[in-house]
Amino acid sequence: PYGLYKRLRERGSIYKGSILKQPGWFVTGYKETAHILKDPSFFTRIPLPESTEKYSHLKQIQSKMMLYMNQEDHRKLRLLVNKGFTPKQIAGFRPLIEEVVDFLLDELIVKEEFDVVSDFAFPLTSLVIATILGVLEEDRETFRDWAALLLQSIDFSRSHKTLEASDQLAEELSEYFSSLIVKKRAEPGDDLISLLIIENDCTEDELISTFILLVIAGHETTVNLISNTIHSFLKHPEQWEVLKRNPSLAGYAIEEVLRFESPTQLTARVAMKDTEVAGKHITCGEQLYLMLGAANRDPDVFDEPDEFLITRKQVPHLSFGLGAHFCLGSTLARLEAQIALSQFSKRVHTYNQTKAEIKWRPLTGFRALEELRITVQT
Ligand code: HEM
């Protein structure tokens, strides 16, 4: 996507046009993106057309997701769910994450050759999110399959076929979570579902939508962050050397991966009133596409924006958004990725890609590897 961002940037930091038949404002400037994200007069909105009868399950569920709520409705639900994502609660997951990463690496290092996406990042993140939610052990395999498909429902490249599948899945998942809620009501555990049931401030629909949103937002994006991390070092062996010499740079390295290969490349807003951004007149009702991956490479903010440099000390990327919808799971995603990278770099001396070609998934809103097969030397 970076070639496209460059061409768009040449037309200005905010440009009116049409890409992939989607008309609207395309924003590549850092300052403009940050401004729009922070200004509450730009709303988030369900990306499906409101008029059609189709995809009713998906629409019903999305209508109660905080990601698509605004103002007071959003604030109310967000404050409630925040209770399950305090820094202290997230820090409590460290031992579990360390244990899972170690367990996976023990197996993979013996195998020598494996797929980073499906053998390492995916099992780690799905176990963590399933544990946080309180998904029962016996359901975890099915749960993992659902997670992969659902991401497509919020991507801009979604087709009728993927939407049909997501709609069906949305129905299955809402049935699943509604029966899980019944079980947790009878026998609460030490998990987010039980916590929100006990708080008793959400409607059942809000609870179900929140759980599904967490599966979508919290799972694949973190898989992509971990996979993109291993991929970025593969493409920049000199930075791998820097990390090997200075393991304490792991945290900075993750911030640089977030900037350089952001798992979320795009988000959208609608103007709720006539306004101006960077001297351009935006009319109420117009759609804006915020290219987070472009803002992260804005040369006005980052020196050598197209270089991957883990020694950067200031990396104010926009990969987790900003403002009211700032990512709820950023602390968790950072923790998982840092532990994964630290343990991987401690135990692996060098690694190479097994296949010559690396394939990215055909998604516009996300930077996601199809697979990343590597051979490791310890
Ligand atoms: C929101 C990115 C991981 C849950 C967001 C937004 C971004 C983002 C850009 C804002 C969207 C917008 O304003 O339009 C990421 C990235 C992740 C990640 C890059 C991993 C590297 C997670 C995790 C969770 C999570 C682990 C939860 C377990 C959420 C939720 C929202 C959100 C619930 C909606 C917040 C709201 O509407 O108030 N994320 N996310 N994310 N994220 Fe994440």
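A polar contact is a pair of N or O atoms within 3.5 Å; within protein, one atom must be able to donate a hydrogen and the other to accept it, and residues adjacent in sequence count only if both atoms are side-chain atoms. Keep that definition at hand for the ligand.

This is a predicted model, in which local features need pLDDT of at least 70 and side-chain atom pairs count only at pLDDT 80 or more, while totals for chains, interfaces and linings use all residues. Residues are numbered from 1 along each chain as its sequence is written, and side-chain values use heavy atoms, with hydrogens and water left out.

**Stop 1: the ligand**

Select His 325. An N or O atom of its side chain is 2.6 Å from an oxygen atom of the ligand. Add His 74, whose side chain also has an N or O atom 2.6 Å from a ligand oxygen. Then add Thr 267, where the distance from a side-chain N or O atom to a ligand oxygen is 2.6 Å.

Now show the elements that give two or more residues to the shell around the ligand: helix 4 (71–82), helix 11 (204–235), strand 5 (266–271) and helix 15. Helices (H or I, at least four residues) and strands (E, at least two) are DSSP runs, numbered from the N terminus. Which helix gives the most to the shell? Helix 11 does, with 7 residues.

Next, select the whole shell. A residue is near the ligand if one of its heavy atoms lies within 4 Å of it. There are 28 residues around the ligand, and those that come nearest are His 74, Thr 267, Arg 269, His 325 and Cys 327. The shell divides into 16 nonpolar, 10 polar and 2 charged residues. Here Ala, Val, Leu, Ile, Met, Phe, Trp, Tyr, Cys and Pro count as nonpolar, Asp, Glu, Lys and Arg as charged, and the others, Gly among them, as polar.

**Stop 2: the iron atom**

Select the iron atom of the ligand. Which protein residue is its donor? The single donor from the protein is Cys 327, through SG, 2.3 Å away. Donors are N, O and S atoms within 2.8 Å of the metal (3.2 Å for Na, K and Ca); water is not among the atoms, so sites may look incomplete. Cys 327 sits in the loop between helix 14 (292–295) and helix 15 (330–347).

**Stop 3: another cysteine**

The structure holds 0 disulfides, a disulfide being a pair of cysteine sulfur atoms within 2.5 Å. Select Cys 202: the nearest cysteine sulfur, that of Cys 327, is 18 Å away. Cys 202 is buried, at 13% relative accessible area. Buried means under 20%, exposed over 50% and partly exposed in between (1.4 Å probe, protein chains only).

**Stop 4: the sheet**

Show the open sheet of 5 strands, with the order 1-2-8-5-3 and mixed pairing. Strand 1 and strand 3 are the edge strands, each pairing on one side only. Two strands pair if DSSP finds at least two bridges between them.

Strand 1 (residues 14–19) and strand 2 (residues 22–27) are antiparallel, over 6 bridges. Select Gly 17 to find its bridge partner in strand 2, Gly 24. The two strands form a hairpin with 2 residues between them, and Leu 20 in the turn has a positive phi of about 50°.

Strand 2 runs parallel to strand 8 (residues 287–291), joined by 3 bridges. Strand 8 also pairs with strand 5, in the antiparallel sense over 5 bridges; select Val 270, whose bridge partner in strand 8 is Gln 287.
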